[in-house]
Every structure is written in structure tokens, then in C-alpha cells.
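Here is a friendly walk through one protein model, with an eye on polar pairs, charged pairs and nonpolar packing. Keep the viewer open as you read.

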Amino acid sequence: MLYFEDLTPGRLFHSASHTITQDEIISFARQFDPQPFHTDPEAAKASVFDGLAASGWHTSSLTMSLITASELRNVANGLIGMGIKDMRWPRPTRPGDTLRAEIEVLTGKRSSSQPGFGVVQLRWTTLNQRDEIAMQLETSIWVACRPTS
């Protein structure tokens, strides 16, 4: 198990990777972000993306899946998010891109109102196969402290 005390500033976690397909991009977008540059490869060529691009929400959801399969799946009480800031998608995710996540612990602060917990701030960076940033955000999670004996 990983507790608040284990999530020290500077610690890095790495996920496995996933290669995204055109069919995955279109299927996700049809359900959650049905815009032509996400659902229609031909129409996407005439868009600002100059070709089919995954929804940023798809990239974010895929990142969450990668992170919950990483060592961070062992956070004692789960990855309880408290908010997101500075979420950005500096470049589109394309069919055939292989994404992976790096998670850096930025800060940690014990809760003054609930002494058995702390707040840990993380930076998630999703990289493609060329080490280009596809998505980045900062998030705070609510983490249980190590039980005292």
C-alpha cells in the first residue's frame, strides 16, 4: 500500500503504454465528443487538426486508465481526486500514437481537520512515442496516512 508518507515531493511514477487506434478514437468521440474532427477522418482533414485527432477527454480518460494500472493503484484509499488545474492538450493524439504517463509528486500537506489524511498534489504528463506532451494537468488527491500501531 502507498500512504501519504510514501508520496514525497519529487517521487516519480510511470505507467505502461497504450497504442490508440482510429476505431477507438471514433468510438469514444461518437459517444462523448461528437465533433467531425474526432469522428470523420475525411472531414478532419479540413479542420484545424489537418486529420483525425482524439478528443482531449479521450486522452485524459486513457491517461486515467494507465495511471490506475500503475503502482499508484496501491494508494491506500484509492485515487480520490479533489480537483484539477492547468489541464492542457498541447498537441493532438493521433491514430497510432502510443501514450504513456509520468506522474510526479509535487507537494504534500497533512489535513488539519482530519489528521489521518493528507492532500498530495501531482502533475500528470501524458507523452506520445516521440516524448511529446499530449496532455498535462495538476491534480490534488486525498490520501490516507500510514496507520500508527
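The side chains of His-38 and Asp-33 are joined by a polar contact of 3.4 Å in this predicted model. A polar atom of the His-38 side chain also lies 3.4 Å from the backbone nitrogen of Ser-55. His-38 itself belongs to helix H2, which covers residues 36-39. Is His-38 buried or exposed? With a relative accessible area of 4%, His-38 is buried, because the cut-off for that label is under 20%. Setting aside residues up to four places away in sequence, the residues that His-38 touches are Ile-25, Ile-26, Ala-29, Asp-33, Leu-52, Ala-53, Ala-54 and Ser-55.

Now for the charged pairs. Side chains of opposite charge can pair when their charged atoms come close. How many salt bridges does the structure hold? There are twelve, and the table lists three of them, each with its N to O distance.

| Acidic residue | Basic residue | N to O distance |
|---|---|---|
| Glu-132 | Arg-91 | 3.7 Å |
| Glu-102 | Arg-100 | 3.1 Å |
| Asp-131 | Arg-100 | 2.2 Å |

Arg-100 appears in two of these rows, paired with Glu-102 and with Asp-131. Arg-100 sits in strand S3 and Asp-131 in the loop between S4 and S5, so their salt bridge ties together parts that are 31 residues apart in sequence. Glu-102 and Arg-100 are both labelled partly exposed: Glu-102 has a relative accessible area of 25%, and Arg-100 has 25% as well.

What does the pair of Glu-132 and Arg-91 tie together? Glu-132 lies in the loop between strand S4 (117-127) and strand S5 (133-144), and Arg-91 in the loop between strand S2 (80-88) and strand S3 (98-110), so the bridge connects parts that are 41 residues apart in sequence. Glu-132 is partly exposed at 24% relative accessible area, and Arg-91 is partly exposed at 30%. Elsewhere, salt bridges link Lys-85, Glu-104, Arg-123 and Glu-138 in a network.

Next comes the nonpolar side of the story. In soluble globular proteins, nonpolar side chains tend to be buried together. The largest nonpolar core here has 18 residues, and Leu-7, Leu-72, Ile-103 and Val-120 have the most contacts inside it. Strands S3, S4 and S5 are the elements that give two or more residues to this core, and S5 gives the most, with four residues. Apart from this core lies another one of eleven residues, among them Ile-26, Phe-37, Ala-44 and Leu-66.

Val-120 is worth a click in the viewer. Beyond its neighbours within four places in sequence, Val-120 is in contact with Phe-4, Leu-7, Val-105, Thr-107, Gly-108, Thr-139, Ser-140, Ile-141 and Val-143.

Finally, the overall picture. The protein has four helices and five strands, running β-α-α-α-α-β-β-β-β from the N terminus on. Its C-alpha trace spans about 60 × 25 × 20 Å along the principal axes. Of its 149 residues, 42% count as buried. Among contacts with a separation of 6 or more, 69% come from residues 24 or more positions apart. The accessible surface is about 7900 Å², and carbon and sulfur atoms account for 52% of that area.

Terms used: Residues numbered from 1 in each chain as written. Predicted model: local features only at pLDDT ≥ 70, side-chain atom pairs only at ≥ 80, totals over all residues. Heavy atoms only, no water. Salt bridge = Lys/Arg side-chain N within 4 Å of Asp/Glu carboxyl O. Buried < 20%, exposed > 50% of the residue type's maximum accessible area, 1.4 Å probe, protein only. Polar contact = N/O pair within 3.5 Å; in protein donor to acceptor, adjacent residues only side chain to side chain. Contact = heavy atoms within 4.5 Å. Core = buried A, V, L, I, M, F, W, Y, C linked by side-chain atoms within 4.5 Å. Areas by Shrake-Rupley, 256 points an atom, 1.4 Å probe, with all protein chains shown as cover.
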